[in-house]
Amino acid sequence: MAKQDINPLTPEKRENVRISTPPKTAAGLKALSSSLHHMREEMTATSCSKTLFSLNQKGGIDCPGCAWPDPDDHRSALGEYCENGVKAIAEETTKKLADPAFFAKHSVADLSQWSDYEIGKSGRITHPMVIRPGDSHYSPIDWEDAFKLIAKQLKNLASPNEAIFYTSGRTSNEAAFLYQLMVRKYGTNNLPDCSNMCHESSGVALSNTVGIGKGSVKLEDFYITELILVIGQNPGTNHPRMLSALSKAKQNKAKIISINPITEAGLLRFKHPQKVGHIMGSGVKLTDLYLNLNINTDAALLKCILKMLLAKEAEAPGSVLDQAFIQSRTTGYDNLLEDLKKHKVEDLIQKCGVAKKDIEQAVQWIASSKKIIICWAMGITQHENSVDIIQEIVNILLLKGSIGIPGGGTCPVRGHSNVQGDRTVGIWEKIPDHLYKNLKTNYGFQPPKEEGYHVVGALQAMAEKKAKVFFGMGGNFLSATPDTNYTAKGLQNCSLTVQVSTKPNRGHLVHGETALILPCLGRTEIDIQASGEQFVSVENSMGIVHSSQGTLKPKSTMLKSEPAIVAGIANTLFDDEQVNWQGMIDNYDLIREAIELNIPGFDDYNRRVRNPEGFYLPNVARDRSFKNDGKAKFTVNKLSEHTLAEDEYLMMTVRSHDQYNTTIYGLDDRYRGIENGRRVVFINPKDMEKAGLQKGDYVDISSHYDGKTRIAKLFTLVSYDIPVGNLATYFPETNVLVPHNKFARKSHTPISKSIVVKIQKSN
Ligand SMILES: Nc1nc2c(c(=O)[nH]1)N[C@H]1C(S)=C(S)[C@@H](COP(=O)(O)OP(=O)(O)OC[C@H]3O[C@@H](n4cnc5c(=O)[nH]c(N)nc54)[C@H](O)[C@@H]3O)O[C@H]1N2
Ligand SMILES: Nc1nc2c(c(=O)[nH]1)N[C@H]1C(S)=C(S)[C@@H](COP(=O)(O)OP(=O)(O)OC[C@H]3O[C@@H](n4cnc5c(=O)[nH]c(N)nc54)[C@H](O)[C@@H]3O)O[C@H]1N2
Ligand SMILES: [Mo]
């Protein structure tokens, strides 16, 4: 198969998009009918009843949708799920099968001409598949042969550092721990993960300031807080169950401020789809104050807020800030004051583009509240100065002493349902000291110390042929990462690419000389091993570890669980006396014992994980012990810098309401008034006029970095309420424009929310 026959991008075709005015309320009956539609299209009646009633129930299935926590107390009898959780389940439990007959019928080159939506809808993968040099189609392979092939290639490498082991965030604690154990025993820390493209900036900023790279609040804090800021996050689409928490906060008189370049319907008003009163009525108003700032000017807005808070405190000392907390529990206050003197309020206001009176209103509420929660997600983490912005968020909370108190603290809202847990149990390109020591002591091998590749490092290593084997534990590395054409070449440079997956994606089609697809059980499926039925565990966005157990018969008898796949490879790769791989697969309790032995915070894991609510991991920000010296740190942070030419725009790449990252559930984005298409670019009408373009025109988007031009073609222009000079498009279609070598300082997260681009009418 010639590499040039393979299309690494979703085909660039004109779409017939229907555009209407975005709604002003989220969820409600439309959410219910959309859920029903996806269930009907994909699932059998038995799968529906067996999964949806167990979803997010105590002891049930952890929804693979997002990492928002389940209520500790009352859980809705109808199932703690949301429209997009139903779509995630429907996607996994689909009736359709991508079996060997499917792969025999369609060559890889043919499949690569399909859209991402079509590829994903081909069904669940049923057999391990291989493609060898010269083959045009994937064909079945035995598990044993697949394991041998992997072991042989790994043993043939000149150094273990020539192999890369990626992880997406659905992988359970059990699978992730075993995986990192195998990888480190093999000899490398090349463990990039989706977190590198997601909340890495939060991890870096929070570790530096409060001593732990996770959020500090619990779900109950939302019910007693006075003020919530939602910055750079679209919960109506990406964390719909958060809307229930926000509406409960509103009932208890909390105020909500949303900060976002565009007005997201999900933040305006919420009708609970499972409450009759809500559906019949007008729902609950969520946001009290909406600050529509320019893309990537949050640092300016937050600095402005900090300056205004200090000015208020100066007017009435002791009335605004928590001086006792600042004096006794923090460092760096004076440096912060010095830095803020260097900036003028007027300049900061001009930069962020928010009306002064609105900022003053926000400051008034922050000044008068003691219990404040700040939530954020990808609108904050995917810029060059992301770590700075998050540290500025921390500065505000520290001034107010609103961290580690009931009703106040940090809330980075995680994406993938176990992305936080994967990191806790060791998926990281750096090896924490405790893990290094423990692996050495408990298993008697020398773990690697040298830092491995993060995602952008891995891209470069493959492109430069420094890495030759790519292994993906879940996810879609090709389409999720920046610079799609560059990534594609890197993957094609590899001698072997392996992907553990549930469903086909474009990443399977752009592969190394030899490639394997290893099909695994999904969250919803029953996992039986030698000692009987197993469950796995996950950690949600608020640090609660709990169990997840499937209820459905697996889609194929050939599927293996992720832990069994790892152990299968390890058993073939190592002649092992040190690790009891087989024992751990026979009974996952043994994996949990190993986690308890090696990772702090998991004492009595097997007992506590059987507690229906699960258990909280320790959190030094929540208990205010912060770092070693017991103090949190104020920091001095940088503003963003973009000098745009007349014809340039700053573009953010966001999720539509009908996708899960690179998995496309459907072609609509109901909350933004888009139907039947994804190749759209949201633009301010003034910009459109200035460029001599009209709504409905097809345009090509290009980016120009370091002398290199990247192009994405045939996008329909959508006139939208977005700041002048800003654009929005969907990922992954525009990842081709994101340069692989532009990322956040310190966290290496690609700049997917602030790409400098030009647009031009398509030919
Ligand atoms: N249904 C569904 N659920 C999901 C996912 C999914 O794809 N589908 N993905 C999961 C994953 S992995 C993640 S990480 C989360 C992502 O959840 P989100 O972070 O909510 O996802 P995005 O669509 O990237 O939305 C980012 C928001 O930030 C805003 N924004 C962009 N740039 C800026 C900026 O400079 N400043 C500010 N203040 N705002 C900005 C955008 O307008 C948008 O509202 O969701 C998780 N849940
Ligand atoms: N431009 C731009 N790029 C982005 C982002 C953005 O906002 N803008 N967001 C970034 C973020 S936040 C993230 S988290 C990444 C996401 O990056 P990834 O996590 O790599 O991508 P996903 O699309 O979530 O992965 C989907 C695939 O996972 C597989 N899968 C699903 N369930 C399972 C399972 O249970 N086990 C296994 N083994 N496989 C499974 C399926 O085969 C499916 O095709 O993308 C990043 N890329
Ligand atoms: Mo994410």
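Student: Which residues does Lys-185 touch, not counting residues up to four places away in sequence?

Tutor: A contact here means heavy atoms within 4.5 Å. In this predicted model, Lys-185 touches Phe-445, Phe-574, Asp-576, Gln-578, Val-579 and Trp-581, with residues up to four places away in sequence left out. Lys-185 itself sits in helix α8, residues 173-186. Helices (H or I, at least four residues) and strands (E, at least two) are DSSP runs, numbered from the N terminus.

Student: Is Lys-185 buried or exposed?

Tutor: Buried means under 20% relative accessible area, exposed over 50%, and partly exposed in between, using a 1.4 Å probe and protein chains only. Lys-185 has 17% relative accessibility, so Lys-185 counts as buried.

Student: What ground rules should I keep in mind?

Tutor: Residues are numbered from 1 along each chain as its sequence is written, while chains are lettered from A and ligands numbered from 1 in the order in which they are written. Since this is a predicted model, local features need pLDDT of at least 70 and side-chain atom pairs count only at pLDDT 80 or more, though totals for chains, interfaces and linings use all residues; side-chain values use heavy atoms, without hydrogens and water.

Student: How many helices and strands are there in the protein chain?

Tutor: The protein chain has 30 helices and 33 strands. Buried residues account for 65% of its 763 residues.

Student: What does the radius of gyration say about the protein chain?

Tutor: The radius is taken over C-alpha atoms, and the globule rule is 2.2 Å times the number of residues to the power 0.38. For 763 residues, a compact globule would come near 27 Å, and the 25 Å of the protein chain agrees with that. Along the principal axes, the C-alpha atoms fill a box of roughly 75 × 65 × 55 Å. Of the contacts between residues at least 6 apart in sequence, 79% join residues at least 24 apart.

Student: How many disulfides does the structure hold?

Tutor: In general, a disulfide is a covalent bond between the sulfur atoms of two cysteines. The test used is a pair of cysteine sulfur atoms within 2.5 Å, and the structure holds 0 disulfides. Take Cys-304: its closest cysteine sulfur, in Cys-352, is 6.1 Å away, too far for a bond. Cys-304 is buried, at 0% relative accessibility, and Cys-352 is buried at 0% as well.

Student: Which residues of helix α25 are buried?

Tutor: In α25, residues 484-493, 7 of the 10 residues are buried. They are Thr-484, Tyr-486, Thr-487, Ala-488, Gly-490, Leu-491 and Gln-492. Their cover includes α23 (455-463), β16 (469-473), α24 (477-480) and β17 (496-501).

Student: What is there to read in the backbone angles?

Tutor: Most residues other than glycine have a negative phi, and most peptide bonds are trans. Asp-483, in the loop between α24 and α25, has a positive phi of about 55° although it is not a glycine. Asp-483 is buried, with a relative accessible area of 2%. His-748 also has a positive phi, near 60°; His-748 lies in the loop between β32 and β33 and counts as partly exposed at 26% relative accessibility.

Student: Where is Pro-732, and what kind of peptide bond joins Phe-731 and Pro-732?

Tutor: Pro-732 is in the loop between β32 (726-730) and β33 (755-761). The bond that joins Phe-731 and Pro-732 is cis, with omega about 10°.
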